[in-house]
Amino acid sequence: MPSSLWTHDFMDEMRTRMDPLADAVIERLFTEGKVDAVNRLMRTLVENDDLPSSKLPPYVMDYLASTRASVPKLDPEKLRQGQELFDLFGPEVMMILGFYSLPAAYAARKGVQVLYRTGFLQKRPVRRVFETAQMVVDVMTEGGLEPDGRGVCTTQKVRLMHAAIRYMIRHDTRHPWDAQELGEPINQEDMAGTLMTFAFVVLEGMKALHIELTSEQQEAWLYAWAAVGRIIGVDERLIPANVDEARQLTRLIRQRQVAYSQEGVAMTAALIEGMQALTPDLLDGLPASMIHFFLDQDQWQGLNVADMLQVPKPDWTAIIPQAVKYVSELTDWVGDNTFIAAKLLRFISKDIVEGMLLVERGGQRTPFYIPEHLQDRWRIKAGTRAANARRRSETEATVMFVAAQQKTSEQNDSSQKVA
């Protein structure tokens, strides 16, 4: 669909559209009175990497077969380029997802109501971060978007979970859902907006970090996520064909949906609390500083989204991302010759990823998984508690060095002004 046809009337219609294929599966489970079967299905989806046929009704297996068969035939070179970006900048992508993509999603007043009702972050603040990061790892790892790939399986599971959540919200008589005011839960516009947080918003985040990508690399990243959109049930008319269209779609949805809500504020506060658990104690202020860094970019039509979400004011840790802004040219961003601010960002982003690998989830969910070749590529070391403590001490020492460098630079600037 040409992007010029993305009108407000069309987007309003998309708020009434859901996902007939996945919804029919969940509807059948419930209408047959198999509430226990729904609960078992949800537990199976959450607790297993694969979907064992012995635990699933035949029509669920039919859904899996049909969605697997509909996986689009992809250009292998474009897909390789997109996944290669994740090989290079995976830790930074994880940081962008946690500090930019998720807060940007919580800024959408209507869409955030669904997340708030599910209570994920109120009970376990890091869970949404895990789920988001795991889907990205599965999709963007080589082979992930093959018909039997791990990314396809994860996307199929997420699509079914969306349908189950949608059904339960629409049939909750204690807390009726106002579809006229909010649109249907997890509707097509909200699904497209969420897809853009993985696709275009990540590209925005990399640009903010001065990670310079070629137009071919950007298009390749979007190409992979467009494939994910088709597998997860986004209407074909809402899947942008290129980066320019992705920019248009993202800005249109922001214009329509970004507004204050108590739920958005609560979700953001819980996210910050959860991300603090993944960073060294010295960097407790970093989640708020990083969220400000990304959301304060000039891309929200003058709206101060971080303040709207009541993100705490940045503390001294704001110097970490700000140091990147004043470097005009980066070479070998992740290599040994990288300037100190970029090295520190890689150090911290690795710290977050390693923290995710180490967090104990009480055996209720599958562990966070990163393929060994990516752990080697990113130099991730998820080992003993003692090793974890050493890693955090190294991070804190590096942070203190950068702070000292920043202070010296400011003093030199002041001296030059006086002179």
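W221 is buried, because its relative accessibility is 0%. W225 is buried as well, again with a relative accessible area of 0%. Keep in mind that this is a predicted model. Both tryptophans sit in helix 13, residues 215-232. They are four residues apart, about one turn of the helix. Residues three or four places apart on an α-helix point the same way, because there are 3.6 residues a turn. The rings of W221 and W225 form an aromatic pair. How do the planes lie? The pair is tilted, with 50° between the planes. Centre to centre, the distance is 6.3 Å.

Now the wider count. The structure holds six aromatic pairs. Another of them joins Y100 and F294. This one is stacked, at 0° between the planes and 5.2 Å centre to centre. Here the partners come from distant parts of the chain. Y100 belongs to helix 5, F294 to helix 16, and 194 residues separate them. Are these two buried or exposed? Y100 is buried, and F294 is buried too. Add F293, and you have one aromatic cluster: Y100, F293 and F294.

Stay with helix 16, residues 286-295. Why is helix 16 described as largely enclosed by the rest of the structure? Because ten of its ten residues are buried. Among them are P287, S289, H292 and the two phenylalanines, F293 and F294.

Back to helix 5, this time for empty space. How many cavities of 30 Å³ or more does a search of the whole structure find? One. The largest cavity holds about 60 Å³ of space. Its lining is L97, S101, L102, A105, R128, T132, T194, T197 and F198. Three elements give two or more residues each: helix 5 (76-106), helix 8 (127-140) and helix 11 (188-198). Helix 5 provides the largest share, four residues. By class, the lining has four nonpolar residues, four polar and one charged.

Helix 11 leads us to its neighbour. Helix 12 covers residues 200-208. The axes of helix 11 and helix 12 come within 3 Å. They cross at roughly 30°. Which residues of helix 11 and helix 12 meet? From helix 11, M196, T197 and F198. From helix 12, F200, V201 and V202. That contact has five nonpolar residues, one polar and no charged. Note that T197 and F198 appear twice: they line the cavity, and they take part in the contact with helix 12.

Now a loop residue. R379 lies between helix 20 (372-378) and helix 21 (385-418). R379 counts as exposed, because its relative accessibility is 56% and the cut-off for exposed is over 50%. E354 is 25 residues away from R379 along the chain. Their C-alpha atoms are separated by 9.9 Å.

Last, the whole protein. What does the secondary structure come to? It comes to 21 helices and zero strands. The protein has 419 residues, and 55% of them count as buried. Then the contacts with a separation of 6 or more. Residues 24 or more positions apart account for 80% of those. The stacked pair of Y100 and F294 is an example of distant parts of the chain being linked.

Methods: Residues numbered from 1 in each chain as written. Predicted model: local features only at pLDDT ≥ 70, side-chain atom pairs only at ≥ 80, totals over all residues. Heavy atoms only, no water. 1 Å grid on protein atoms, 1.4 Å probe; cavity = no way out; pocket = protein on both sides within 12 Å on 5 of 7 lines; lining within 4 Å. Points joined across faces, edges and corners; volume = space filled by probe spheres on them. Nonpolar A, V, L, I, M, F, W, Y, C, P; charged D, E, K, R; others polar. Axes fitted to C-alpha atoms, helices over the stretch in contact; angles between N-to-C directions. Contact = heavy atoms within 4.5 Å. Buried < 20%, exposed > 50% of the residue type's maximum accessible area, 1.4 Å probe, protein only. Phe/Tyr/Trp six-rings, centres within 6.5 Å; stacked < 30°, edge-to-face > 60°.
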